[in-house]
Amino acid sequence: MAEDCCRFQLISGDGVLNMELENFTRTTNLSQHGLSYAVVAIMGPQSGRKSTLLNKLFQTNFRMMDAEEGRSQTTQGIWIGKGIGIEPFTIAMNVEGSDSRERGQV
Ligand SMILES: Nc1nc2c(ncn2[C@@H]2O[C@H](COP(=O)(O)OP(=O)(O)OP(=O)(O)O)[C@@H](O)[C@H]2O)c(=O)[nH]1
Ligand SMILES: [Mg+2]
């Protein structure tokens, strides 16, 4: 997977903002685009294939659940990744699934 589509955990599973966001904006050259960029976020139930869909659409490399390990929470908190082969510059935002057993919601 191309290096510049790197994934970055923006907010941890505990709700803490990652203060190293500048590493992501520098690596992806986001800061050079001013306000000319798009943000696409996905929300939905756990294991609803959110990460799979984003990876297919934007060639990001978000972790996907390994079905052989059983159904469990994969994405925690909020992750972002740079879309590849799309204009304008697009950030894909991958949100933790709702209805998760890990949060006592099932
Ligand atoms: N049967 C079937 N399974 C699929 C398909 N696409 C993805 N999966 C499986 O669906 C499961 C969930 O995929 P993820 O993309 O990790 O789901 P998610 O919504 O990001 O999950 P969380 O991050 O835990 O909320 C994985 O086991 C995938 O292998 C499909 O087209 N058909
Ligand atoms: Mg996911």
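**View 1. Serine 51 and threonine 75 are both buried at the magnesium site.** Buried here means under 20% relative accessible area, exposed over 50% and partly exposed in between, with a 1.4 Å probe and protein chains only. This is a predicted model, where local features need pLDDT of at least 70, side-chain atom pairs count only at pLDDT 80 or more, and totals for chains, interfaces and linings use all residues. Residues are numbered from 1 along each chain as its sequence is written, and side-chain values use heavy atoms, leaving out hydrogens and water. The magnesium ion (ligand 2) gets its protein donors from Ser51 (OG) and Thr75 (OG1), 2.1 Å away. Donors are N, O and S atoms within 2.8 Å of the metal (3.2 Å for Na, K and Ca); water isn't among the atoms, so sites may look incomplete. Serine 51 sits in helix α2 (residues 50–58) and threonine 75 in the loop between α2 and β3 (78–82), so the pair ties together parts 24 residues apart in sequence. Helices (H or I, at least four residues) and strands (E, at least two) are DSSP runs, numbered from the N terminus.

**View 2. Helix α2 has Lys50, Ser51, Leu54, Asn55 and Phe58 buried.** Down the α2 axis, the buried residues fall within an arc of 130° (directions from the helix axis to the C-beta atoms), so they line one face. Turned away from that buried side are the exposed Lys56 and Leu57.

**View 3. Ligand 1 makes polar contacts (N or O pairs within 3.5 Å) with the side chain of serine 51.** That pair is 2.9 Å apart, while a polar side-chain atom of threonine 52 lies 2.5 Å from a ligand 1 oxygen.

Key:
Chains are lettered from A and ligands numbered from 1 in the order in which they are written. A polar contact is a pair of N or O atoms within 3.5 Å; within protein, one must be able to donate a hydrogen and the other to accept it, and residues adjacent in sequence count only if both atoms are side-chain atoms.
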